[in-house]
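Please open the model in a viewer and keep the selection panel at hand. The tour proceeds by selections, each followed by a description of what is found there.

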Amino acid sequence: MSKGILARLRLSSLRLRLVVVFALVALTAAVAASGIAYWLNREAVLTRTQDGALNDFRQEMQNRAATLPLRPTQDDLRRTAEQMASGSAGYQVLLLGERDAGKPIVGASDPDDFTLADVPRSLREAVDTERPVTEANPYPYHLFWQRTEQGGTPYLVGGTRIDGGGPAGYMYKSLAAEKADLNSLAWSLGIATALAVVGSVLLAQVAATTVLRPVHRLGEAAKQLGEGKLDTRLRVTGADELADLTRTFNSAAESLQKKVTDMSAREESSRRFVADMSHELRTPLTALTAVTEVLEDEQDSLDPMIAPAVALVVSETHRLNTLVENLMEVTRFDAGTARLVLDEVDIADQITACIDARAWLDAVDLDAERGIVAPLDPRRLDVILANLIGNALKHGGSPVRVSVRTEDDELVIAVRDHGPGIPEEVLPHVFDRFYKASASRPRSDGSGLGLSIAMENALIHGGSITAANSVGEDGAVDGAVFVLRLPLDASGITREVQTRSSQGEVKEA
């Protein structure tokens, strides 16, 4: 097999299983067929040779050994044995008689090749045993045979005795030629088995290619579909199960494309509505903000009866202004128009400025070395810090500790409070939009967008934010910890990025 085939076998487990199954089936069938063929041929060859030699030996015993005198001499036995062995059957003969009662003599056609010691004792006992003559057994002596092996060569040994006190005769035939023929047959069957296995592997490759090519096309189409190429379709050929599967895939892809198109249209409509609404609110909100600023300045001189109402209007106007700004920021992220404006930022100075601008100096402890400088977007970093520190002050309470360190190529800013911590069921949702853990936290004036916007600004820098609970020495929860990680070198992030806030992913446009 070529390297390409081997590579495909390694890379495709289904292809490998098909090849292995085909090979095992072919090997089993070939071995079984070869074994049966070898056994049948072996029995046929040995039976034919054996029957031919034994029948010829029986006939020679009747024609020659039976004509010997009752008390033959050794020369008579030897001469008769040589005559019996001179035939075409190719065996040696040994005749065993008695010169006198109890005095055996032996005559062999070739004493160097066949002696009485070559005859198995069990065969001699069977030949010498006289059986009662009955209707079912008309002869007292029978012809017996046995296969033996000497020096790695198989032999056929047969023997019988002449009725009426005649000599016993034994034949000794080599089966080396038959063994060689059977060995050649075994090699031939082995080669045929190997060729059958190789042929089955090649056939499996053809079958696997035929079956797996449509499956591979389906896999590639599914991959393209997963990458967002919703117009991917496959050409349907044939009328088999794979064709039905292809039709089902095309139908599913068409349905998915329609649903995604509809969802995208609705999402775009919703995003446009939020953006338009935010812009439309800016004009009246600007007027309201101006009025509330005047009311706030005159708050001390107002009638005590209406002062609380004025304070409520001022507070809610500020909250509405923050909500509109957050909605517009989220809209920019969703629309893919958010951009980084990088500048060399001293991290300690940036955090100090953020805390000072919001009058948090007394409530926040800062642990940051000066001189840590990184190319970041100052405005977006300020948004991240303001949301994290503000969230800690609102929900965790002071003292809030902000620590700065560097790890490898990352800037790590940890914001820790000493409040009740974040419930375990809330942790997976703290960065979700509009999520408020109202059942476990005091009521907040926030919109539920602050941490989501902080995460978006971290992602656009190529960083991330994680939330966890801090555990004290006694094992109890001792506040929440938000960890911001930003790359120390964000200078490569100069292109517009598109974010998908609902999934927490950032993609380069």
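**Two helices in contact**

In this predicted model, begin by selecting helices α8 and α9, where α8 passes α9 in a right-handed crossing. Helix α8 covers residues 347-357 and helix α9 covers residues 378-396. Two packed helices are described by the angle between their axes and the distance between the axes. Here the angle is about 55° and the axes lie 10 Å apart; α8 and α9 are therefore oblique to each other.

Next, display the side chains at this contact. From α8, select Ile347, Gln350, Ile351, Cys354 and Ile355; from α9, select Pro378, Leu381, Asp382, Leu385, Ala386 and Ile389, which they meet. By class, the residues of this contact comprise nine nonpolar, one polar and one charged.

**The sheet**

Now select β7, β9, β10, β12 and β11, which in that order form an open sheet of five strands with mixed pairing. At its edges are β7 (364-367) and β11 (464-471), each of which pairs on one side only. On average, neighbouring strands of the sheet are turned by 20° against each other, direction ignored.

Narrow the selection to β10 (410-416) and β12 (477-487). These two strands run antiparallel and are joined by seven bridges. To locate one such pair, select Val415, whose bridge partner in β12 is Phe482.

**Helices against the sheet**

Restore the whole sheet and add α9. This helix lies across β7, β9 (400-407), β10, β11 and β12, and runs at about 175° to β12. Then add α10, which also packs on the sheet, touching β11 and β12. The direction of α10 makes about 125° with that of β11.

**A loop residue**

Finally, select Pro420. Where does Pro420 sit in the chain? Its place is in the loop between β10 (410-416) and α10 (450-460).

Is Pro420 buried or exposed? Pro420 counts as exposed because its relative accessibility is 63%, and the cut-off for that class is over 50%.

Which residues does Pro420 contact, leaving aside its neighbours within four places in sequence? They are His395 and Val477. Select His395 as well: its C-alpha atom is separated from that of Pro420 by 8.4 Å, while the two residues are 25 residues apart along the chain. His395 falls within the residue range of α9 (378-396), and Val477 within that of β12 (477-487), so that the tour ends at elements already visited.

How values were computed: Residues numbered from 1 in each chain as written. Predicted model: local features only at pLDDT ≥ 70, side-chain atom pairs only at ≥ 80, totals over all residues. Heavy atoms only, no water. Helix = DSSP H or I, 4+ residues; strand = E, 2+ residues; numbered from the N terminus. Buried < 20%, exposed > 50% of the residue type's maximum accessible area, 1.4 Å probe, protein only. Contact = heavy atoms within 4.5 Å. Axes fitted to C-alpha atoms, helices over the stretch in contact; angles between N-to-C directions. Parallel < 35°, antiparallel > 145°, perpendicular 65-115°, else oblique. Left-handed = near helix turned anticlockwise from the far one by under 90°. Nonpolar A, V, L, I, M, F, W, Y, C, P; charged D, E, K, R; others polar. Pairing = 2+ DSSP bridges.
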